[in-house]
Amino acid sequence: MAQFYSPKRRVTTRQNSPVLTLTVDNLDPFGQGVAHHNGKAIFVPGVLPGEQAEVQLTEEKNKFAKGRLKRLLSRSPQRVEPRCPHFGVCGGCQQQHADESLQQQSKAAALVRMIARETGVTPQQEPVIAGPQYGYRRRARLGLLWQPKQQRLVMGFRQAASSDLVPVTQCPVLHPELEQLLTPLRACLSALQVARRLGHVELVLADNGPVLVLRHLDALKEDDRQALQAFARTKNVTIYLAPDSDSLEKLCGETPYYQVDGLRLDFSPRDFIQVNDHVNQQMVAQALEWLSIQPNDRVLDLFCGMGNFTLPLARRAAAVVGIEGVATLVANGQYNAHKNRLNNASFFHENLEEAVEQQPWAAQGFDKVMLDPARAGAAGVMSHIVKLAPKRVVYVSCNPTTLARDSKVLLSAGYRLARVRMLDMFPHTGHLESMALFINGSAPEVAAK
């Protein structure tokens, strides 16, 4: 199985390591330039295709090497000025120096190459599903660290290839409503009596306003609670307190929700929701189109979360069954189905990495299957999907390696890979999201839109 080189490892430059003059000819999905020297691929962060640079090798393996940029000798017309002052230090973004078209083109090409290499099927490149390049993130977790010598609270993201915090005052990829909270929030937290005993803070933008989750290691005194409530009133923020990893107390504000396909989904701030709302709306619409739901269809939604696809599917199908491994998400899915008066949607709590054949839902018949697994993919259920013999399968993936692996199960069973699209869910990062449509036998392919 082919694998991408991950840049998120600490590397140190060897003493007297050679400096090479290289021309980068490709960009990997993580935003690293790929050059070749003596038949070996060399990965160099910060260099774009067509650029020549002096590169110092930091590590050599049998089949590839890693290097760091010492001096840029020429500039690509696709190089742009990063908007973020923390770019290159903060580990959140890797590609702000590359323009939008280059980022999307390199990821889409990598997706096609991966699938072709592993399955023998070369899908046609389709337009990327994308949204705004900045201001797209509606969720972020910031670390909190008290520095006793400086007597100050640091709030920020992890440094690239390190566990150290980068103090952050700006984050252009955050939605503006969240970004504008950064400076006043740090000031508020710094003034708390418990400032020395804070773990992290999560920011979530619901459709009804910003939400803040504060992880605190010591109990909050009444003065601190009142200070947080005053901040919430001033900034129109809902605040939850998290004294440990399992507990959550709403200090003030409204229950958060987001909307998709005209439905309202209430959620807990610790629930998984898609970070990029613009892309999520398009992704759900594309899945509905590809599945071509008919009024009599029964649909199975695997790794369903709290119903991001399940409930829109239930508006069109006769019945939808959602399967999820996190009990709280199942409960929220059931609640939202009831609240949206979708009596044809049912949810089951099940570990999809284990054998599922004996579960009551597994014996039911389904016309279409939707799945959106985590990075590990869906190896545990692919053979069961084949047994169900649905007419169509839509697979949403956050890992092209496991998508390619799982695709082979469907292709071997007679399905054809009809459509593949790249989802630019996380611009400026190395995350590569995609969705694929598989059609059983001679069923007609949906028309392109």
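Helices (H or I, at least four residues) and strands (E, at least two) are taken here as DSSP runs, numbered from the N terminus. The model is a predicted one, in which local features need pLDDT of at least 70 and side-chain atom pairs count only at pLDDT 80 or more, while totals for chains, interfaces and linings use all residues. Residues are numbered from 1 along each chain as its sequence is written, and side-chain values use heavy atoms, with hydrogens and water left out.

A good place to start is Q95, which sits in the loop between β6 (64–72) and α1. Its relative accessibility is 0%, so Q95 counts as buried; buried means under 20% relative accessible area, exposed over 50%, and partly exposed in between (1.4 Å probe, protein chains only). Contact is taken as heavy atoms within 4.5 Å. Leaving aside neighbours within four places in sequence, Q95 is in contact with P29, F30, G31, F87, Q103, K107, H428, T429 and G430. One of these partners, F87, also serves as a reference point for P360: the two are 273 residues apart in sequence and 50 Å apart in space, C-alpha to C-alpha. P360 belongs to the loop between β18 and β19 (368–371) and counts as exposed because its relative accessibility is 56%.

Attention now turns to the sheet. Two strands are said to pair if DSSP finds at least two bridges between them. On this basis, 7 strands form an open sheet with mixed pairing, in the order β18-β17-β16-β19-β20-β22-β21. β18 (345–349) and β21 are the edge strands, each pairing on one side only. On average, neighbouring strands of this sheet are turned by 15° against each other, direction ignored; axes are lines fitted to C-alpha atoms, for helices over the stretch in contact, and angles run from 0 to 180 degrees between N-to-C directions. Within the sheet, β16 (residues 298–302) and β17 (residues 319–324) pair in the parallel sense over 5 bridges, and R298 has A319 in β17 as its bridge partner. Helix α1 packs on the sheet, where it touches β21 and β22 (433–440), and its direction makes about 160° with that of β21.

The structure also holds 1 cavity of 30 Å³ or more. A cavity is a set of points, on a 1 Å grid over the protein atoms alone, where a 1.4 Å probe fits but cannot get out; lining residues have an atom within 4 Å of a point. Grid points are joined across faces, edges and corners, and a volume is the space filled by probe spheres set on the points. The largest cavity has a volume of about 40 Å³ and is lined by A108, L111, V112, Q124, Q125, E126, V420, R421 and M422. The elements giving two or more residues to this lining are α1 (100–119) and β21 (415–423).

Elsewhere, I42 in strand β4 (residues 40–45) is buried, with a relative accessible area of 2%. Not counting residues up to four places away in sequence, I42 touches L20, L22, G33, V34, A35, H37, L57, A65, K66 and G67. Finally, two residues other than glycine show a positive phi: D261, at about 55°, and A389, near 55°. D261 is found in the loop between β14 (257–260) and β15 (263–266). A389 lies in the loop between α8 (379–388) and β20 (392–397) and, at 43% relative accessibility, counts as partly exposed.

Terms used
1 Å grid on protein atoms, 1.4 Å probe; cavity = no way out; pocket = protein on both sides within 12 Å on 5 of 7 lines; lining within 4 Å.
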